[in-house]
Amino acid sequence: MTEKLFYADAHLRKFTARVLSCEESGRLFAVTLDRTAFFPEGGGQRGDTGALGGVRVTDTREEKGEILHFCDAPLVPGAEVTGELDWETRFARMQIHSAEHLVSGHAHALWGCGNVGFHMDEHGATIDFDRELDAPQLMRLERLVNEDVWKNLPINILWPPEEELAAMPFRQKKGLSMPVRIVEVPGVDLCACCAPHVSFTGEIGLVRLKDRMRHRGGVRFTMLAGRAAYEDAALCAAETEALSRLFSAPQNALCAAAERVLGELEAEKYARAAAERRYVEARLAAMEPCEGNLLYFEESLSPAALRALAEGGRTRCTGVCAALCAEDGGYRYVMASETVDLRAAARSINAALSGRGGGAPGMIQGSLRASREKVEEYFHGKIG
């Protein structure tokens with residue numbers, strides 16, 4: 001049985017051990033040791049990576065009571081090796097896992113939330129609760145957890161005897177067999193957990209809760225802790241500062257500034273639409289009915305206005321009315337007709353004019369790369 005050094009000292013990052021066995025496992029080698037600081041996957045936390053005797057350890061798992069270190073080269077049984085964890089990754093996972101206990105403990109105490117989903121890596125975690133939480137509740141939860149960090153509370157590891165365990169009001173009581181490892185944050189949480197944790201809440205550094213959404217009758221959100229939380233906060237601060245410059249507004253008044261600009265843009269959109277309607281009406285009124293096809297070439301029209309021009313123009317010709325707007329060296333087009341089946345004609349039109357698009361028998365739309373001269377030559381129409 002391998003001695004689990006990570007339980008004696010979760011901060012141990014370098015150790016020596018003796019190789020007990022080494023067996024091929026696909027392209028890797030499964031190595032067992034007499035003692036290890038490598039934590040195997042469990043409790044929602046991934047297995048550690050690092051090196052053993054200079055050989056890369058890509059994963060650690062526990063199978064049938066044995067801790068297996070999956071190495072990319074073999075090790076000699078009986079040899080003494082030095083093990084070294086990828087400490088930055090392990091510590092980040094410890095920060096995130098300990099933060100999750102604070103979050104779940106407060107949510108359970110305040111609103112009776114049960115943690116029904118927890119997926120984490122060294123970058124953050126996704127947490128699912130079985131009850132909905134609104135934005136103010138999530139903000140309150142984040143504040144409480146960060147206050148726990150500032151208090152630098154101890155994180156205690158308990159191995160209670162069976163009779164004592166039965167009386168403990170801890171979370172996650174299902175399917176546990178003795179011995180049971182309990183992680184305690186005094187006054188905040190008491191939970192069964194097999195993973196390594198930081199020793200004091202102050203080591204977590206910072207916690208951020210974000211991206212809240214409803215999920216299966218409850219709530220799902222993202223939790224960041226430690227370096228990842230700091231980097232997210234720094235990015236948000238930089239974005240806020242940039243927006244403050246763009247809007248020429250203080251950082252605490254950005255929402256009001258954004259609402260003002262959006263209102264102005266909406267008003268401009270309606271004004272432009274009204275102007276385009278008047279323009280299309282004038283263009284159509286100026287065109288006398290004609291035999292054959294009718295072409296309108298425009299420099300700048302919205303898709304809705306281009307469609308209105310084609311629809312109105314088809315009543316003024318006996319063939320096809322093509323409304324075209326210059327775009328990226330070619331044209332956007334809408335073509336309409338009361339006499340030509342445009343759905344059937346679309347393939348030949350697109351082939352002749354390097355176009356793409358289609359639609360209904362009475363109207364098609366798309367884009368083409370042909371010149372104005374080539375379009376005029378193809379349709380042989382009177383130019384509007």
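**Exercise 1.** Determine how exposed glutamate 376 is, and identify its salt-bridge partner.

*Solution.* Glutamate 376 has a relative accessibility of 25% and therefore counts as partly exposed; buried means under 20% relative accessible area, exposed over 50%, and partly exposed in between (1.4 Å probe, protein chains only). This is a predicted model, in which local features need pLDDT of at least 70 and side-chain atom pairs count only at pLDDT 80 or more, while totals for chains, interfaces and linings use all residues. Residues are numbered from 1 along each chain as its sequence is written, and side-chain values use heavy atoms, with hydrogens and water left out.

Next, the partner is arginine 372, whose side chain meets that of glutamate 376 in a salt bridge at 2.9 Å, N to O. A salt bridge is a side-chain nitrogen of Lys or Arg within 4 Å of a carboxyl oxygen of Asp or Glu. Both residues belong to helix α9 (residues 372-379) and, being four residues apart, are separated by about one helical turn. Helices (H or I, at least four residues) and strands (E, at least two) are DSSP runs, numbered from the N terminus.

**Exercise 2.** Establish which elements are tied together by the salt bridge of arginine 208 and aspartate 232.

*Solution.* The side chains meet at 2.7 Å, N to O. Arginine 208 lies in strand β14 (residues 207-215) and aspartate 232 in helix α5 (residues 227-247), so the pair ties together parts 24 residues apart in sequence. Finally, aspartate 232 is buried, at 12%, whereas arginine 208 is partly exposed, at 23%.
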